[in-house]
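Student: I should like to take a close look at a single part of this protein. Please examine it in its surroundings and give one connected account.

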Amino acid sequence: MSEPRVRRAEIAIEQSHVDRVYARLAELRTQAEAMRAKGYEIGHGAQREAVFEQASMLFERDMMVYHANQTLQTLDAEYEGLVFGRLDQIGPETVYVGRLGIRDAEFENLVTDWRAPAAAAFYQATAEEPMDVVRRRVIRCSGQAVLDVDDDVLIPDAVPDDMNVVGEGALMAALGRARGEKMRDIVATIQKEQDEVIRAPWRGVTEITGGPGTGKTAVALHRAAYLLYRYRRQLGGAGVLVVGPSGVFTNYISRVLPSMGETNVELRALGQVLDGIEATHHDPAPLAAVKGSLRMRKVLLKAMRDTPPDAPTEMRIVYQGEVLKLGPKELERVRRKVHGHGGPPNRARVRAAETLLEALADKAEEYAKADDRTIDRQELITALGERIDFHRFLVVWWPVLYPAEVLRWLGDERRLTRAAKQVLSREEISLLAASMADRSQGWSMADIALLDELRVLMGPPPKRRRRQRLELDAEQQRDSREQTTRGRPEHYDEYSHIVVDESQDLSPMQWRMVGRRGKYASWTVVGDPVQSSWPDPTEAAQARDQAFGARTARRRYTLRTNYRNSAEIFDLAARVVAGHAGEDELPHAVRTTGLVPQVKAIEPAGAETAVQTAAKELLGAVDGTVGVICAMDRVAEVGGWLAGQDEERLKVVGSLDAKGLEYDAVVLLEPTELITESLTGRRVLYVALTRATQQLTVLASDEEWLG
C-alpha cells in the first residue's frame, strides 16, 4: 500500500477512537449538567424543610453544584485537541494519551491523562530506554477531527508485520527491518546520538549542528517536549518559545510537538517574532545583507533622532506682549540637547518641554538685554509651561514615534543619507531607500528585526496613545497577537527556554531581536554552517553571543548521519559544495536506492516544457509530494507553468523558502540562478539539492554549477 494510502487508513483508525472519546465526553457533560440541576432542586427543596434540615441540604447542594461546575469547566477547557498521542507497547496494551483521563461506562481506559505515570513513556521513552514502547504516535487534531499522525519507532525489531508506521518513523522501521547487522547498528547509532542531545541539561546553551537530513529539528522538538516534562516547574510557567524560518516550519512543529498546556509553547516563524506585524516576503540578498548588518543600528538611531518630517521648523509664542521666536537652527540645537541625555524619545517629552522652555527663556533674556531690562526667568518658564499653545506646539514638534513610521522615513534618500553618513556606502543607501519607499509588498523578513530595534530604541508610546498606534499601523495588525489572545503582554521577554532552528541564517539584527525574548532563558540552537545564507558569519556569531549573554554553560553536539537523502542524491550535493565545506562538516548518507539524480540539459526558451514534463514524470514515480525549486524571483512564473497539475502534491518554492522542507522528489530548475541570486552561492544550492528523499531531476542550461 502506498504511503498516502497508509496514512489515510491510519488516520481513519485514530478517528474512530477519537469519535468514541468525544461521544463519552458528551455523556459525561450530560451527567454533570444533570448533577448541577439536581443540586439546584435540592436547594429549592431545602427552603420548604424544617430549619434544622436546611443546613445539611444546602451544604449537599453547594457541593453538588460546585463539583458539577468544576467538571463542566474541565471538560470545556480540554475539549480542543483532547487526544494527542498513542503508545503501542510490547504485549496487547495500547495507551492513548491526552489532556484529560477518560474511561468508558465499563471503566475501560479511553484516554490517559498526560500527567499520569502511565503516560510518562510518551515523553521519556527513547531507543536506548524504550520502556517497552514499540511505536509512539503523535495525533494531530482540530476539534473532533483527526488531521494527521506521525510515528516514532523505538524497538524496530519488535514491529509486527501488520503494524503500519507513518512519517519519519517509517524510515526508522524500514532500517530496523533491513537484513544485516549494519542497518540495525545504524538505527541504534542515530537514535543514541539524538537521545544524548534530547536529555542534555536544560541550563545554558545547547547547540545542535549537523548536515541535511540528520534530524536536527526533530531532536530539538523532542528536547523541548522532554524539558517541559522533566522540568515543568522551572520552565512551564514562563513558557518556551520556538523560532523557525517560516510558517511552514511552525506548521510542522504543531504536528510533531504535542501540546502540553495552553501557553507552555509558543511557535513563531522568524517573520512573526514582533507582535502585531508579520513579514510577507524576502528581500534580494544584497538588500537583506544591508538590513541585517549591525551597522543598521547606528542608522536607525540617527534616523530616530532626526527632525520628524512634519515637525514645525519655527516657534513663535507671545509673552508679555513680546513675540519670542526660535528658528530652525535653534530648534535643532534643542533637539540635539534632549537626545544628548540619552534614553528613549517617547519617554523624553517632559525633558523636551523643559529644554524648549529654557531656550525660550534664553531668547527672552537676549531680547531684554538688548533693551536694557530684566525678566523673571522662572516666572516666564512657569507661565509658558502652562500655556495651551505651548503644549500644542510641543505635541507636533516632539511627537510620539512609532517603528513603522520611522522606518518609512528612510524612503527619503536625503534623510537616509544624513542617517547613514559614514556608515553605509552610496550604493547601499540607494538600495535601502528604494526598498523603504516602496511598501507595496508589505514588510520583509529583514524589516521585522529593524522594526523591533526601533521599538526598543524609541520606547513604548504613552498608554493613552495606544489606540492611535493601532490605527496608524492598522495594515500591520492583521495577525496581531495581543495580550487578549496570547495571555501574555506584548513583546514578552521572560521565556524560560528558547529554541532557534536554522540558526545559521539569522542576521545579526535578527539575533538581537530574538535575544530580547531570551533575557532569562536557556537556549537550544539548531543549525548547519554549511547551509548558511548569511554572508558574514563572524558578525552573526558576535550578535549571537550577545544574545546568549553571560551564560557560561555551553555544550555542542554534532549529528553526522543523513537519513533523509539517498547516497546517490547526497553525493551530487556534496560535490557542489565541496569547496565550501570540510569533509568532517558533511553528514554521511546511509541509504542507497540505485536511483541516480537525472541532470538534463535544457535551452532557456524550453524551460517551461522541460519543467512540466519533469514534474509529470516524478508525480507518476512517487506517491508523495514533488517540490519544484527555482530562484526566488521566478516562483510566480514557474507556478503559472504548472497550474492545473496535481496541486495537492506539487509545490513550487523559491530557494530560500525551501529551507527546512523535504519532498519525495524534486525538480530543480537552473541551479546557476540559485548560486547567483545569493551572497553565499553554492551553499544555497546545496540546501536545494538536499530536499529530495527519493528522486531528483536537475534542469540546467549550463554546467557552471557543477564546479
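Leaving aside its neighbours within four places in sequence, which residues is Pro212 in contact with?

Tutor: In this predicted model, Pro212 is in contact with Asp528, Gln531, Asn562, Arg564, Asn565, Phe570, Pro587, Tyr686, Thr690 and Arg691, once neighbours within four places in sequence are set aside. Pro212 counts as buried because its relative accessibility is 1%, under the 20% cut-off. Its place in the chain is the loop between β7 (205-210) and α6 (216-230).

Gly215 is found in the loop between β7 and α6 as well. With a relative accessible area of 14%, Gly215 is buried, and it touches Gln194, Leu559 and Tyr563, not counting residues up to four places away in sequence. The "binding site" annotation in the unreviewed UniProt entry covers both Pro212 and Gly215, together with Gly210, Gly211, Gly213, Thr214, Lys216 and Thr217.

The strand that leads into this loop, β7, belongs to an open sheet of six strands in the order β9-β8-β12-β13-β7-β14, with parallel pairing. At the edges stand β9 (265-269) and β14 (554-559), each with a single partner strand, so one side of each has no neighbour in the sheet. From one strand to the next, the twist averages 15°. Strands β7 and β13 (residues 522-527) pair in the parallel sense over five bridges, and Val205 stands opposite Trp523 in β13. Helix α22 (residues 537-548) lies across β7, β13 and β14, and runs at about 155° to β13.

Methods:
Residues are numbered from 1 along each chain as its sequence is written. This is a predicted model: local features need pLDDT of at least 70, side-chain atom pairs count only at pLDDT 80 or more; totals for chains, interfaces and linings use all residues. Side-chain values use heavy atoms; hydrogens and water are left out. UniProt positions are given in the numbering used here, feature names are shortened, and annotations may be inferred rather than shown by experiment. Helices (H or I, at least four residues) and strands (E, at least two) are DSSP runs, numbered from the N terminus. Buried means under 20% relative accessible area, exposed over 50%, partly exposed in between (1.4 Å probe, protein chains only). Contact means heavy atoms within 4.5 Å. Two strands pair if DSSP finds at least two bridges between them. Axes are lines fitted to C-alpha atoms, for helices over the stretch in contact, and angles run from 0 to 180 degrees between N-to-C directions.
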